[in-house]
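Hi,

Here is the structure I promised to pass on. Have a look at it first, and then read my notes underneath.

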Amino acid sequence: MTTPYRSTVTLSDGRELIYFDEEPESGRAAYPDTRQLPPPPPASQLRYDPLVDEWIAVAAHRQTRTFLPPLDACPLCPTNERFASEIPAPSYDVAVFENQFPSFSYREVPGGEITELTELVPVRPGHGRCEVVCFTSDHNSAFGKLSPSRVRTVVDALADRTAEMSALPGVAQVFPFENRGVEIGVTLHHPHGQIYAYPTVPPRTEAMLRAARKHAEKTGGRNLYADVLAAEQAAKVRVIAANEHWTAYVPAAARWPFEVHLAPHRRVADLPGLTDAERDAFGPLYLDMLRRFDGLFDKPMPYISAWHQAVVGEGRELGYLHLQLFSIRRAADKLKFLAGSESAMGAFVSDVVPEKAAQLLRDV
Ligand SMILES: [Zn+2]
């Protein structure tokens, strides 16, 4: 398997930075971090919400994180003579580093000795890891403008990070994602994604595991996602495009105005499980979806791109890797806000009929 060339440096506050290069011997690791950074903030605290059986991460230090800095102070651009960024080398292909303002880390937790706030509210340290993934050194680019070979390098980097972070103590699930657009809440314009290594199974994954278990019991062990994908391929009406290894379709009960799933035809648990051919085939189809998203209203579409991977522990055998890509834009000048029904009750009301969304995306 061709993998990118990997080199690691330690930033001045002890965080790890990893370069994934497309050419050997880039010499990037020779550039040290010359900044004098304060020690990273403590880890967050996880508080149990007994009313809904979910864990909430409390990370107050994130209030001070960098918010939409000017171009000449972008922390994700390569370092130059005027500004020392998070990336000491003068150029890079793909770079991954530990988030300076992480939601989860292995550092000391304030009040780490507390184990419960009330009898019903246990507390535990937010141990885990959060990384930032820079897709390109070009500040003004976008994921949708990357070459298929760069997308391949990104997929390889995410697979590398998934394998490594899955092995960290207590990690329950590794979640690579990209938020794009200020409408989504992006605080840095430079094209980048993130990876969260969660210490608990997130609520949506818990719900998906419950559904997958129920389906397996009902069908003598069949995989739910594999059956959903097969049904969509047979129905065709919501399929947007496909190639030898992947299919892109709008879910029948999509909850976002524009939502697409990209799924590999072969069931794999996570990104490290993809073959060379599957990794190569992902880029062209995903870039085509991003082009269609931007083409819907002839302007950059705000989106969230989310890799659903199998959990690390119990329930791993139920997982089926897929990418969920969705936007909150429902019309050229209208965004969907999560208001009363969605935010307070978790009950989604979709504004766009999924078959219509699929047709619009096919027509771009
Ligand atoms: Zn930048």
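Below is what I found, starting with the spaces inside and moving on to the rings and a few single residues.

Before anything else, please keep in mind that this is a predicted model.

**The cavity**

The count came to 1 cavity of 30 Å³ or more. Its volume is about 140 Å³. There are 17 residues in the lining, and F135, F143, V154, L158 and W307 are the closest to the centre. Which elements give two or more residues to this lining? They are helix 1 (148–166), strand 9 (173–180), strand 10 (192–198), helix 4 (276–296) and strand 14 (303–308). Helix 1 provides the largest share, with 4 residues. As for the character of the wall, 13 of the lining residues are nonpolar, 3 are polar and 1 is charged.

**A pocket to look at**

The second largest pocket holds about 360 Å³ of space. It is lined by 22 residues, and those closest to the centre are S141, A142, R180, G181 and H189. Strand 9 makes the largest contribution here, with 3 residues. That strand also gives two or more residues to the cavity lining, so you will come across it in both places. The pocket lining divides into 9 nonpolar, 8 polar and 5 charged residues.

**Aromatic rings**

I count 17 aromatic pairs in the structure. One of them is F143 with Y286, an edge-to-face pair with 5.3 Å between the centres and 70° between the planes. The two partners come from distant parts of the chain: F143 is in the loop between strand 8 and helix 1, Y286 is in helix 4, and 143 residues separate them. Are these two rings buried or exposed? F143 is buried, at 6% relative accessible area, and Y286 is buried as well, at 3%.

Another pair is Y225 with Y320, which is tilted, with 5.0 Å centre to centre and 40° between the planes. Y225 belongs to helix 3 and Y320 to the loop between strand 14 and strand 15 (322–327), so this pair ties together parts that are 95 residues apart in sequence. Both of these tyrosines are buried.

There is also a cluster, in which ring pairs link F135, F143, W246, F282, Y286 and W307. Compare that with the cavity: F135, F143 and W307 are among the residues closest to the cavity centre.

**T153 and S147**

T153 lies in helix 1. With a relative accessible area of 7%, T153 is buried because the cut-off is under 20%. What does the side chain of T153 make a polar contact with? The partner is the side chain of E22, at 2.8 Å. Setting aside the neighbours within four places in sequence, T153 is in contact with P4, F20, E22 and V94.

S147 sits in the loop between strand 8 (129–134) and helix 1, and F143 is in that loop too. At 35% relative accessibility, S147 is partly exposed. The side chain of S147 makes a polar contact with the side chain of S149, at 3.1 Å. If you want a distance to check on screen, try S147 and V109: they are 38 residues apart along the chain, and their C-alpha atoms are separated by 41 Å.

**Two positive phi values**

D53 has a positive phi of about 60°, although D53 is not a glycine. You will find D53 in the loop between strand 3 (44–49) and strand 4 (54–58). Its relative accessibility is 56%, which means that D53 counts as exposed, the cut-off being over 50%.

K236 is another residue other than glycine with a positive phi, in this case near 65°. The place of K236 is in the loop between helix 3 (224–235) and strand 11 (239–242). K236 is exposed, with a relative accessible area of 58%.

If you only have a minute, begin with F143. This phenylalanine is one of the residues closest to the cavity centre, pairs edge-to-face with Y286 and belongs to the ring cluster.

Cheers

How values were computed:
Residues are numbered from 1 along each chain as its sequence is written. This is a predicted model: local features need pLDDT of at least 70, side-chain atom pairs count only at pLDDT 80 or more; totals for chains, interfaces and linings use all residues. Side-chain values use heavy atoms; hydrogens and water are left out. On a 1 Å grid over the protein atoms alone, a cavity is a set of points where a 1.4 Å probe fits but cannot get out, and a pocket is an open set with protein on both sides within 12 Å along at least five of seven lines; lining residues have an atom within 4 Å of a point. Grid points are joined across faces, edges and corners, and a volume is the space filled by probe spheres set on the points. Ala, Val, Leu, Ile, Met, Phe, Trp, Tyr, Cys and Pro count as nonpolar, Asp, Glu, Lys and Arg as charged, and the others, Gly among them, as polar. Buried means under 20% relative accessible area, exposed over 50%, partly exposed in between (1.4 Å probe, protein chains only). A polar contact is a pair of N or O atoms within 3.5 Å; within protein, one must be able to donate a hydrogen and the other to accept it, and residues adjacent in sequence count only if both atoms are side-chain atoms. Contact means heavy atoms within 4.5 Å. Rings of Phe, Tyr and Trp (its six-membered ring) pair if their centres lie within 6.5 Å; planes under 30 degrees apart count as stacked, over 60 as edge-to-face and the rest as tilted.
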